[in-house]
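Let's take a walk through a protein model together. Have a look at the picture, and then we'll go through it piece by piece.

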Amino acid sequence: MKDLLHDMCEEYCEHPETICHAKAELLPENTVQQLAETFKILGDGTRIKLLYLLTNREMCVCDIAETLSMGQSAISHQLRVLRSARLVKYRREGKEAWYSLDDDHVVSLMLQGLEHIKHD
């Protein structure tokens, strides 16, 4: 109970100007939903491993599967999820499917997340 009180104001008070500015800055609901879905997708350990692998190089599905000791179909499924969120892209070269991160924002997101958890 004591910790709960530390997270609350001891006396209820409103600051109308702050509230007005904060309401004007709220994200549109569709943006909130898209961002929440992106973070939900990022909340899977296998997908994090895939994204991290792809921060350093483009890789084919066979190489990814071997690196992570997983089957190609499991990797392919996870890559489809990441593609649907525009986190990765692919290209075909003959019979091979090569994957890379969709853009530099994904690299930044991964590196900033790593920096955040390493920060003491």
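What follows is a short tour of confidence, strands, salt bridges and surface.

**How sure is the predictor?**

Keep in mind that this is a predicted model. The protein chain has an average pLDDT of 92, and 95% of the residues reach at least 70. Where is confidence lowest, and where is it highest? The low end is helix 1 (residues 2-6), with a mean of 63, while the high end is helix 5 (residues 61-68), at 97.

**The sheet**

Now find the strands. Three of them make up an open sheet, and their order across it is 1-3-2, with antiparallel pairing. Strand 1 and strand 2 are the edge strands, as each of them pairs on one side only.

Let's take the two pairings in turn. Strand 1 (residues 59-60) is joined to strand 3 by two bridges, and the two run antiparallel. Here you can spot Cys60 standing opposite Trp98 of strand 3. On the other side, six bridges connect strand 2 (residues 88-93) with strand 3, again in the antiparallel sense. Two places to look for in that pairing are Val88, which stands opposite Leu101 in strand 3, and Glu93, which stands opposite Glu96 in strand 3.

What do strand 2 and strand 3 form, and how many residues sit between them? They make a hairpin with two residues between the strands. One residue in the turn is Gly94, and its phi is positive, at about 65°.

Is strand 3 largely enclosed or largely open? Strand 3 covers residues 96-101, and five of its six residues are buried, so the rest of the structure largely encloses it. A handy bit of background while you look at the sheet: in a regular strand, side chains alternate between the two faces of the sheet.

**Salt bridges**

Next, the charged side chains. How many salt bridges does a search of the whole structure find? It turns up three, and here they are with their N-to-O distances:

| Pair | N to O distance |
|---|---|
| Lys40 and Glu37 | 3.5 Å |
| Glu58 and Arg91 | 2.8 Å |
| Glu93 and Arg91 | 2.7 Å |

Start with Lys40 and Glu37. Both sit in helix 3, three residues apart, which is about one turn of the helix. Lys40 counts as exposed, with a relative accessibility of 56%. Glu37 has 36%, so it counts as partly exposed.

Now for Glu58 and Arg91, whose side chains meet in a salt bridge. Why does this pair tie together parts that are 33 residues apart in sequence? Because Glu58 lies in the loop between helix 4 (45-56) and strand 1, whereas Arg91 lies in strand 2. Glu58 is partly exposed, with a relative accessible area of 32%. Arg91 is partly exposed too, at 34%.

Arg91 also meets the side chain of Glu93 in a salt bridge. Glu93, at 42% relative accessibility, counts as partly exposed. Through shared partners, the salt bridges link Glu58, Arg91 and Glu93 into one network.

**A nonpolar patch on the surface**

Which residues form a nonpolar patch on the surface? The members are Leu27, Val32, Leu35, Phe39 and Leu109, and together they have about 410 Å² of accessible area. Helix 3 (residues 29-42) gives the most to this patch, with three residues. Leu109 has its place in helix 7 (residues 104-118). With 33% relative accessibility, Leu109 counts as partly exposed.

**One more stop: Ser73**

Finally, look for Ser73 in helix 6 (residues 72-84). Is Ser73 buried or exposed? Its relative accessible area is 62%, so Ser73 is exposed. Then try finding Ser100 as well: Ser73 and Ser100 are 27 residues apart in sequence, and their C-alpha atoms are 18 Å apart in space.

**Putting it together**

So, what should you take from the tour? Strand 3 is largely enclosed by the rest of the structure, and it pairs with strand 1 and with strand 2. Arg91 in strand 2 is joined with Glu58 and Glu93 in one network of salt bridges. Helix 3 holds both Lys40 and Glu37, and helix 3 also gives three residues to the nonpolar patch.

Note on methods: Residues are numbered from 1 along each chain as its sequence is written. This is a predicted model: local features need pLDDT of at least 70, side-chain atom pairs count only at pLDDT 80 or more; totals for chains, interfaces and linings use all residues. Side-chain values use heavy atoms; hydrogens and water are left out. Helices (H or I, at least four residues) and strands (E, at least two) are DSSP runs, numbered from the N terminus. Buried means under 20% relative accessible area, exposed over 50%, partly exposed in between (1.4 Å probe, protein chains only). Two strands pair if DSSP finds at least two bridges between them. Patches are made of residues with over 30% relative accessible area and no salt bridge: like charges are joined within 9 Å, nonpolar side chains (Val, Leu, Ile, Met, Phe, Trp, Tyr) within 5 Å. Accessible areas come from the Shrake-Rupley method with a 1.4 Å probe; for residues, only the protein chains shown count as cover. A salt bridge is a side-chain nitrogen of Lys or Arg within 4 Å of a carboxyl oxygen of Asp or Glu. pLDDT is the predictor's confidence in each residue, from 0 to 100.
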